[in-house]
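User: Could you take one part of this model and look at it closely for me, with the aromatic side chains as the starting point? I'd like a connected account, including the surroundings and how they compare with another part of the chain.

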Amino acid sequence: MKRNNDAKRLPKDAENGISDGDAAQIAAAFAVLADWVSGRELVFRDERTPYRVLVAEFMLQQTQAKTMLPYYQRFLSAWPTVQALAAASKEDVLAAFAGLGYYRRAGYLHETANRIVRVHGSRVPADPDTLLSLPGIGRYTANAIASIAFGKRVAAVDGNVVRVLARLLRKPFRRSNQQDLNAVRTIAEDAFALLGDTVHAGDINEALMDLSATICKPTSPLCSTCPVRAHCLAFAHGDQEKYPLKPPAKEKPVTTVSYLLLEQHNGFYVRRRRESLLKDTYEFVRLASIEDAPELPAIALSIGKVTHVFSHRVWKAEFFYARLPDTFVQENDGVLRIGSLDYHLVGKEQMKQLPFASLFKTALEYARQTKTQNMTPAANEH
Ligand code: SF4
């Protein structure tokens with residue numbers, strides 16, 4: 001056990017939000033959770049091979065289990081081993097994440113598979129600190145993999161787990177405060193140490209994720225069905241929703257963008273994004289506004305708007321559609337240069353294999369509806 005009740009450590013513990021007896025209270029709750037989770041159906045972790053756990057944990061980053069499940073199953077059918085994934089093209093891996101959001105993790109997962117094959121003899125490392133050194137793996141994911149796949153006694157703590165422990169202990173922890181995350185991780189790992197081999201840490205980490213998603217929800221927690229309500233101080237006081245402490249609401253910056261779906265022959269002009277946001281996914285012709293559209297022999301129709309919410313910003317996108325005459329020839333090897341960016345004509349069949357974020361898929365659907373309805377050209381003639 002890493003901590004004890006040494007009196008000399010109490011002031012520091014108190015500063016960190018940890019009190020005497022916290023670990024024992026949480027250990028009692030964990031013992032109950034171990035029984036509870038054994039009766040739960042966790043389909044996406046049916047076979048806990050380290051590779052499957054690795055893929056699941058990447059896909060669960062910022063995505064709910066029920067959303068990721070079909071993606072996870074398709075992904076494992078396409079690449080059943082870490083070697084198969086390492087040998088795949090990065091583009092195919094990104095395409096497998098299209099629609100799930102937060103695409104950077106797909107590139108990281110591919111890089112991690114390559115590192116595991118090249119550096120770790122095709123074996124997913126069991127040590128949490130070694131896992132932490134791999135691309136796209138933070139402390140939460142490292143501890144989740146190490147505990148679920150290898151039974152290491154480490155806690156996977158995110159804002160949701162902070163919420164559950166803040167309520168159980170009735171402590172003013174904050175969801176996204178690093179010091180509070182560390183304090184909760186320390187308490188949970190002390191509880192694992194107290195429980196020894198009587199529980200599997202991975203089971204408890206899964207139970208906490210499941211409990212926080214289905215019962216101990218941010219608002220209106222379902223305490224009457226909660227397996228650990230007998231150990232919950234906030235429930236006893238009836239003030240569950242006061243915990244964790246809420247940070248002041250921060251407004252996400254809003255960016256207005258315009259895109260031109262420029263069709264020619266049987267395809268569209270697209271480019272691969274190099275920017276960190278949606279990196280390596282494809283986009284249509286980007287314009288600061290439709291007034292900046294280049295001189296092209298085409299008429300642009302406004303076909304719809306999409307508000308896309310990222311984790312830290314919002315895009316308000318307006319989409320336009322135009323068809324270039326087939327006789328319009330690009331002098332630059334078929335590359336259309338607009339501003340400083342190059343766009344390539346890609347056939348519709350090939351586009352299905354490329355990763356597009358969901359807002360561009362929506363825009364394609366708008367374009368299809370526009371053509372079906374044979375809309376009259378409106379504004380934005382240029
Ligand atoms: Fe959360 Fe309610 Fe369970 Fe406490 S009793 S852990 S507040 S669901």
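Analyst: Happy to! Let's start with the whole chain: of the contacts between residues at least 6 apart in sequence, 68% join residues at least 24 apart. Please keep in mind that this is a predicted model. The chain has 15 helices and eight strands, and 47% of its 382 residues count as buried. About 18,700 Å² is exposed, with carbon and sulfur atoms supplying 51% of that area.

Now to the aromatic side chains. The structure contains twelve aromatic pairs. One of them joins Tyr282 and Phe356, whose ring centres are 6.1 Å apart and whose planes meet at 45°, a tilted arrangement. This pair connects distant parts of the chain: Tyr282 belongs to strand β3 (residues 282-283), while Phe356 sits in the loop between α14 (348-351) and α15 (358-373), 74 residues apart. Tyr282 counts as buried because its relative accessibility is 11%, under the 20% cut-off. Phe356 is buried too, at 4%.

A second pair has another geometry. The ring centres of Phe310 and Trp315 are 5.3 Å apart and their planes stand at 75°, so this pair is edge-to-face. The angle is what decides it, because planes over 60 degrees apart count as edge-to-face. Phe310 has 11% relative accessibility and is buried, and Trp315 is buried at 5%.

These two pairs belong to one aromatic cluster, made up of Tyr259, Phe268, Tyr282, Phe284, Phe310, Trp315, Phe319, Phe356 and Phe360. Outside that list, an aromatic ring is also involved in a contact with a charge: the charged end of Arg74 sits over the ring of Tyr71, 4.9 Å from the ring centre.

Which strand carries Trp315 and Phe319? By numbering, both fall within β6 (residues 314-323). Seven of the ten residues of β6 are buried, so the strand is largely enclosed by the rest of the structure. β6 has partners in both senses. Strand β1 (residues 254-264) runs parallel to β6, and the two pair over ten bridges; within this pairing, Val257 has Ala317 of β6 as its bridge partner. Strand β5 (residues 301-309) runs antiparallel to β6 and is joined to it by eight bridges, with Thr307 bridging to Lys316 in β6. β5 and β6 make a hairpin, and four residues lie between them.

Back towards β3, there is a charged residue to look at. Asp280 lies in the loop between β2 (267-272) and β3. Is Asp280 buried or exposed? Asp280 is buried, because its relative accessible area of 6% is under the 20% cut-off. Leaving out residues up to four places away in sequence, Asp280 touches Lys90, Leu94, Arg272, Arg273, Arg274 and Pro355. Among these, Lys90, Arg272, Arg273 and Arg274 are lysine or arginine contacts of the aspartate. Pro355 is also in the list, and by numbering it comes just before Phe356, the partner of Tyr282.

For the comparison, let's turn to the helices. Helix α2 (residues 22-38) has 17 residues, which should span 24 Å at 1.5 Å a residue; its end C-alpha atoms are 25 Å apart, in agreement with that. Its buried residues are Asp22, Ala23, Gln25, Ile26, Ala27, Ala29, Phe30, Leu33, Ala34, Trp36 and Val37. The cover over them includes α10 (159-169), α11 (178-195), α12 (201-214) and α13 (233-237).

Of these, α10 makes a good closing stop. Ten of its eleven residues are buried, so this helix is mostly covered. Arg163 and Arg167 are among the buried residues, along with Gly159, Val161, Val162, Val164, Leu165, Ala166, Leu168 and Leu169. The buried residues of α10 pack against α2, α11, α12 and α13.

Within α10, Val162 has 0% relative accessibility and counts as buried. Apart from neighbours within four places in sequence, Val162 contacts Val157, Phe173, Arg174, Arg175, Leu181 and Val184. Val162 and Ser212 are 50 residues apart along the chain, with 9.4 Å between their C-alpha atoms.

Notes
Residues numbered from 1 in each chain as written. Predicted model: local features only at pLDDT ≥ 70, side-chain atom pairs only at ≥ 80, totals over all residues. Heavy atoms only, no water. Phe/Tyr/Trp six-rings, centres within 6.5 Å; stacked < 30°, edge-to-face > 60°. Buried < 20%, exposed > 50% of the residue type's maximum accessible area, 1.4 Å probe, protein only. Lys NZ or Arg CZ within 6 Å of the ring centre and 35° of its normal. Expected span 1.5 Å × (residues − 1). Contact = heavy atoms within 4.5 Å. Pairing = 2+ DSSP bridges. Areas by Shrake-Rupley, 256 points an atom, 1.4 Å probe, with all protein chains shown as cover.
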